[in-house]
Structure formats: C-alpha cells, structure tokens
Amino acid sequence: MARPLRVNLAGSWNHVVSRGNGGEVLFRDDTDRRRFLGLVSELPERFSLEVHAFVLMNNHYHLLLRCREANLSEAIRWLQVSYAGRFNWAHRRRGHVFQGRFKSVLLLEESALDEVGRYIHLNPVRIAGLGLSKQDQQRARVIGCPDPGRELVSRRVTALREYAWSSWRMYAGLEPVAKWLCRDRLQGGCGGRSLREQRRSLRTYTEAPIRQGHLESPWDRLIGGLVLGEEQAAQRILRGLRSNRTEQTPVRRLARSSRPPWKALVSATETLLGRRWSEMTTRHGDWGRNALMAVATRHLGWRLVEVVREIPGLGYGAAAQGIRRFWMQLPQDPAKAKFISALLSKMSKVKS
C-alpha cells in the first residue's frame with residue numbers, strides 16, 4: 001500500500017495532528033506534556049520553522065506551523081521519534097508510540113489560519129460533559145442549537161481558559177508567553193490596534209462558538225484530504241504531488257548535495273575569527289564552535305546529527321544547547337551578526 005502523500009513546501013502554513021498508537025494515551029502525566037513541549041520549543045531552532053498554536057490532548061496533539069524551508073516531514077519525524085524514545089524510557093515500555101504517520105493539512109487561505117487556530121484552541125472543550133462532543137455537534141446540525149444557558153456557557157469558557165496545555169492561555173494574556181511561540185499572525189488576525197484590543201477581539205472570535213453551541217470545522221472544505229484553500233490552487237499542488245511520489249525529497253537531497261563541505265566551513269571560520277578550530281572546540285567560553293554549528297544547521301543545509309559527527313567528543317544534547325545559546329545571545333552581540341553575514345558570503349562562493 002502506497003504511503004499517503006505529504007506536502008513539504010517552503011514558506012507554507014500547516015496544521016499537524018498525530019495520535020497515540022491504537023488510540024492509546026500520548027501523555028500519561030504532566031511530565032510527559034512538559035517533555036513534549038520541550039521538544040516543540042526546539043523546532044524553531046533546529047528546523048527554522050515557526051510554532052503559532054498548539055494543544056496537547058490525552059491521546060493526540062495539534063500544531064499550527066509555518067515552515068520557512070521544505071522540511072515539515074523532517075521536523076515532525078524528529079519531534080515524534082525524540083518523544084517516543086523519551087516516553088518509552090520514562091514508562092519502561094517498548095514499541096510504537098504514535099499511530100502511523102502524522103497527518104498534515106496545507107493551509108492556502110489567509111482566513112483559514114484564524115479558523116484553524118480557533119479549532120486547535122477549542123479542542124479541550126469538545127467533550128460530552130460540556131455539550132460539545134462530536135455527537136452533540138452532529139445533532140446540532142440536524143435539529144439546530146438549543147440555547148445552552150448562562151451556566152453551561154460559563155463552564156465552557158472556564159474550561160477553555162483554565163486548560164493548561166494549549167497556547168490559548170498565552171494568547172488570552174492569562175500566562176507568560178513562551179519565547180518560541182509566534183503570536184503576531186493570530187493575535188492580530190481579528191483586528192485591534194493595541195495588544196489589549198487584539199486580545200479582546202481574539203477572545204471574542206474564539207469563544208463565540210462555545211457561547212452559541214456550534215463548533216464549525218474548517219475541514220469541511222478540505223480538498224484532496226491535504227489542502228485547505230482555493231480549488232484551482234489546491235488542485236495544482238495535488239497534481240504536482242501525485243507526479244512526484246518521492247514527495248519532494250529530491251529537492252532536499254539536491255540542497256544537501258550543494259551545501260559547503262565541513263572542511264570549508266571550518267577553514268572560513270578560522271579565517272574570520274582569527275583562531276584555530278581546535279581552540280574553538282576546547283576553550284571554555286569560545287563561541288566560535290556554536291556559531292559555526294548554528295549557521296550550518298539553519299542556513300547551509302547541514303543537519304545537527306551530521307554536524308555532531310564532525311566534532312569528536314560533542315554530544316547531541318550539548319550541541320543543541322550550544323546552538324540555542326548562540327541564537328539567544330545574537331541580538332546583544334554585533335560581532336556574532338557580522339560573523340554570520342561574512343560566513344554566508346564566503347560560502348556562497350564555495351561549491352561542494
């Protein structure tokens with residue numbers, strides 16, 4: 001049986017969902033949830049993508065992502081493999097954690113971003129106890145929505161605002177915003193000039209369905225099971241995917257084949273920083289190693305696992321931490337920004 005098609009496009013918006021194997025729980029406790037979100041927080045750095053919304057339910061998760069590069073499959077594969085290993089280790093189990101491949105939907109319409117963001121954030125209240133389960137919604141489509149009453153609406157709103165494992169509380173101003181969460185698009189999508197006005201508009205937009213009792217699904221307009229958007233544009237993308245059963249992997253392979261060799265990267269870094277690579281990798285506080293790893297993985301087609309193989313004695317975790325530290329320090333250090341620009345300029349002239 002052929003694998004389902006996967007859309008990997010640079011600059012694309014994607015809704016991602018994945019479930020526990022056989023319907024089993026993905027998150028047994030809050031430690032699991034924190035562990036998963038810790039990995040999600042690394043996605044922007046490792047894969048140059050943006051996280052705009054998330055929710056963790058007991059047996060599945062949802063993400064709204066914008067991919068700057070054509071690497072959605074690579075990013076989610078890393079996320080799930082990393083979490084599965086930690087989950088199995090923590091709970092002394094073996095076997096699959098996720099149910100097959102993750103599902104993704106390409107979002108072409110600007111308006112769809114607001115709808116999908118709302119859909120993600122409303123997941124915690126889509127339950128029978130609040131009159132918003134799938135069965136409740138099917139019944140509402142047939143006979144209409146009865147007035148839920150003030151008490152039920154209050155319980156729904158409270159449940160939404162108190163749910164700790166989604167990005168909604170950050171959008172609603174109920175808790176500090178994680179540095180890795182990009183809010184600008186959804187925050188300003190419903191209108192308002194000031195942050196306070198934007199939050200009020202977004203709360204009104206998001207909470208309106210639970211006050212009315214009818215939760216519309218954006219997936220009713222899905223085209224080919226993969227794309228949400230204008231019919232002709234969606235069909236062009238689907239035709240391209242069907243003609244390329246390797247799901248654009250040749251593009252990724254070409255990008256990696258044209259990347260600069262590691263020796264060229266090291267040589268250029270030594271020239272630019274005026275010291276030997278051996279010093280950068282052994283001297284405490286020297287940021288040269290982290291700088292090279294950061295630029296190589298974000299801009300030059302190198303994967304972190306490949307970079308680690310080139311630096312003896314460096315572990316994967318330590319490398320990831322070093323890269324994260326470099327990007328955090330970058331805004332306060334003009335020398336680092338100058339290094340990035342100079343290294344990219346040199347590498348643009350190097351052929352593999």
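Here are some questions and answers about this predicted model.

Me: Which residue shares a side-chain polar contact with Ser18, and at what distance?
Reply: Start with the setting: Ser18 is found in strand 1, residues 12-19. Leaving aside neighbours within four places in sequence, the residues in contact with Ser18 are Leu26, Asn59, His60, Tyr61, Gln80, Phe98 and Phe102. One of these, Gln80, also has a side-chain polar contact with Ser18, so the partner and distance are Gln80 and 2.8 Å.

Me: Is Ser18 buried or exposed?
Reply: The cut-off for buried is under 20% relative accessible area. Ser18 has 3%, so it counts as buried.

Me: What distance should helix 3 span, and what do its end C-alpha atoms give?
Reply: Helix 3 runs over residues 72-91, which makes 20 residues. At 1.5 Å a residue, the expected span is 28 Å. The end C-alpha atoms agree with that, being apart by 28 Å.

Me: How many residues of helix 3 are buried?
Reply: Take Ala75, which lies in helix 3. Its relative accessibility is 0%, so Ala75 is buried. The helix as a whole is mostly covered, and of its 20 residues the buried count is 14.

Me: Which residues does Ala75 touch, not counting those up to four places away in sequence?
Reply: For a sense of place, Ala75 and Arg46 are 29 residues apart in sequence, with their C-alpha atoms 8.1 Å apart in space. The residues that Ala75 touches, with that sequence limit applied, are Leu43, Phe47 and Leu49.

Me: What is the phi of Arg92, and where does this residue sit?
Reply: Most residues other than glycine have a negative phi. Arg92 isn't a glycine, yet its phi is positive, near 50 degrees. You'll find Arg92 just after helix 3, in the loop between helix 3 and strand 4.

Me: Is Arg92 buried or exposed, and how about Ser48?
Reply: Ser48 also has a positive phi, about 55 degrees, although it is not a glycine, and it is found in the loop between helix 2 (43-47) and strand 2 (49-56). The cut-offs are under 20% for buried and over 50% for exposed. Arg92 has a relative accessible area of 82%, so it is exposed. Ser48 has 8%, so Ser48 is buried.

Me: Which residue makes a side-chain polar contact with Asp114?
Reply: Asp114 has its place in helix 4, residues 110-121, and is buried, with a relative accessible area of 13%. Not counting residues up to four places away in sequence, Asp114 touches Arg185, Leu186, Gly189 and Tyr205. The side-chain polar contact, at 3.0 Å, is with Arg185.

Me: How far apart are the C-alpha atoms of Asp114 and Leu174?
Reply: Along the chain, Asp114 and Leu174 are 60 residues apart. In space, the separation of their C-alpha atoms is 20 Å.

Me: Which residues lie nearest the centre of the largest pocket?
Reply: This pocket has a volume of about 740 Å³. The elements that give two or more residues to its lining are strand 1, strand 3 (60-67), strand 4 (103-107) and helix 5 (134-143). There are 28 lining residues, and those nearest the centre are Arg19, His62, Tyr119, Asn123 and Lys134.

Me: How many residues of each class line the largest pocket?
Reply: The lining mixes nonpolar, polar and charged residues. In that order, the counts are ten, twelve and six.

Notes
Residues are numbered from 1 along each chain as its sequence is written. This is a predicted model: local features need pLDDT of at least 70, side-chain atom pairs count only at pLDDT 80 or more; totals for chains, interfaces and linings use all residues. Side-chain values use heavy atoms; hydrogens and water are left out. Helices (H or I, at least four residues) and strands (E, at least two) are DSSP runs, numbered from the N terminus. Buried means under 20% relative accessible area, exposed over 50%, partly exposed in between (1.4 Å probe, protein chains only). A polar contact is a pair of N or O atoms within 3.5 Å; within protein, one must be able to donate a hydrogen and the other to accept it, and residues adjacent in sequence count only if both atoms are side-chain atoms. Contact means heavy atoms within 4.5 Å. On a 1 Å grid over the protein atoms alone, a cavity is a set of points where a 1.4 Å probe fits but cannot get out, and a pocket is an open set with protein on both sides within 12 Å along at least five of seven lines; lining residues have an atom within 4 Å of a point. Grid points are joined across faces, edges and corners, and a volume is the space filled by probe spheres set on the points. Ala, Val, Leu, Ile, Met, Phe, Trp, Tyr, Cys and Pro count as nonpolar, Asp, Glu, Lys and Arg as charged, and the others, Gly among them, as polar. The expected span of a helix is 1.5 Å times one less than its number of residues.
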